[in-house]
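Reader: I have a sequence and a model in front of me. Can you show me how to read the features one by one?
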Amino acid sequence: MLKADLHIHTEYSMDCNTPLQQVIDCCLKTGINCIAVADHGTIEGALKMQSLAPFKVIVAEEILTPHGEIMGMFLKEGIPSGLSVEQVISRIKAQDALVCMPHPFDNLGRTGLGGKILEEVVEQIDVIEVFNSRSPFPWCSTKAQAFAQKYGIPGSAGSDAHTPGEIGNAYVEMPEFNGKDDFLQALEKGKIFG
């Protein structure tokens with residue numbers, strides 16, 4: 001079984017200064033053996049992490065749109081911030097990657113997309129982050145879980161770590177997987193902790 005923290009930042013994010021090796025060390029210490037590196041506006045750190053980490057690393061990116069953030073998972077190239085929600089989704093799909101909605105209902109000083117926009121693009125959402133350990137209110141997770149269940153979308157969890165001590169504060173215990181399609185099936189069988 002994997003202990004997957006599916007939302008981690010590194011020194012490649014403008015708001016984080018955790019070196020890649022420190023992320024690896026923290027993961028090994030906490031038993032996290034799968035991560036999605038989702039730096040803001042770049043996949044450079046995630047690509048480098050793939051070659052360094054002794055565990056599974058998903059190349060992801062948090063992309064800022066005028067309405068909030070979208071996470072691309074299993075990306076091959078970065079996507080610039082500032083594009084519309086539709087353009088970002090289109091660019092993720094063009095790479096045969098997954099569209100994940102991080103902290104979707106978390107709008108207090110953060111950048112969740114919110115219900116109205118989620119409803120408009122629901123057909124194109126592959127994953128919903130139903131638990132983010134940085135979300136200040138439990139109702140954010142409750143709403144995300146209800147949305148994911150309503151539409152049959154697999155739910156993920158992540159620490160959204162911007163400091164080493166946060167790594168592993170939320171994770172999904174899930175079966176091993178190979179590639180993005182396998183990942184979605186494994187995620188459906190996962191159990192969230194945090």
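Reader: What phi does D96 take, just after α3?

Author: This is a predicted model. D96 takes a positive phi of about 60°, just after α3.

Reader: Which residues of α3 are buried?

Author: Nonpolar side chains tend to be buried together in soluble globular proteins. In helix α3 (residues 85-94), V85, V88, I89 and I92 are buried. They cover an arc of only 95° around the axis, which puts them on the same side of α3. E86 and A94 are exposed on the other side of α3.

Reader: Back to D96. Which side chain is joined to D96 by a polar contact of 3.4 Å?

Author: The side chain of K180. K180 lies in helix α6 (residues 179-188). Its side chain also has a polar contact of 3.0 Å with that of D181.

Reader: Does K180 count as buried or exposed?

Author: Buried means under 20% relative accessible area. K180 is at 18%, so K180 counts as buried. Leaving out residues up to four places away in sequence, K180 touches F74, D96, A97 and L98.

Reader: Now the strands. How many residues of β4 are buried?

Author: Six of the six residues in strand β4 (residues 68-73) are buried, and the strand is mostly covered.

Reader: In what sense do β3 and β4 pair?

Author: In a regular strand the side chains alternate between the two faces of the sheet. Here, strand β3 (residues 56-65) pairs with β4 in the antiparallel sense, over six bridges. A hairpin joins β3 to β4 through two residues. To find the register, look at L64, which stands opposite E69 in β4.

Reader: Over how many bridges do β4 and β5 pair?

Author: Three, again in the antiparallel sense; strand β5 covers residues 98-101. Here M71 stands opposite C100 in β5.

Reader: Which residues touch the most other members of the largest nonpolar core?

Author: The largest nonpolar core has 44 residues, and I35, M49, I70, I92, M101 and I128 touch the most other members. Helix α1 (residues 20-30) gives the largest share of this core, five residues. A second, separate core has 23 residues, including M73, A170, M174 and A186.

Reader: What is M101 in contact with?

Author: Set aside neighbours within four places in sequence. M101 then contacts E69, I70, I89, L113, L118, V121, I125, V127, I128 and E129. I70 and I128 recur from the list of residues that touch the most other core members.

Reader: Next, α5. How far apart are its end C-alpha atoms?

Author: They are 21 Å apart. At 1.5 Å a residue, the 14 residues of α5 should span 20 Å, so the two values agree.

Reader: Which residues of α5 are buried?

Author: C140, S141, A144, F147 and A148. Seen down the axis of α5, the buried residues fall within an arc of 125°, so they line one face of the helix. The face turned away from that buried side carries the exposed residues P138, Q149 and K150. Just after α5, G152 takes a positive phi of about 65°.

Reader: Where is W139 placed?

Author: W139 is in helix α5 (residues 138-151). W139 counts as partly exposed because its relative accessibility is 44%. Now check its distance to D106. These two are 33 residues apart along the chain, and their C-alpha atoms are separated by 9.1 Å.

Technical notes. Residues numbered from 1 in each chain as written. Predicted model: local features only at pLDDT ≥ 70, side-chain atom pairs only at ≥ 80, totals over all residues. Heavy atoms only, no water. Helix = DSSP H or I, 4+ residues; strand = E, 2+ residues; numbered from the N terminus. Buried < 20%, exposed > 50% of the residue type's maximum accessible area, 1.4 Å probe, protein only. Pairing = 2+ DSSP bridges. Arc of directions from axis to C-beta. Polar contact = N/O pair within 3.5 Å; in protein donor to acceptor, adjacent residues only side chain to side chain. Contact = heavy atoms within 4.5 Å. Core = buried A, V, L, I, M, F, W, Y, C linked by side-chain atoms within 4.5 Å. Expected span 1.5 Å × (residues − 1).
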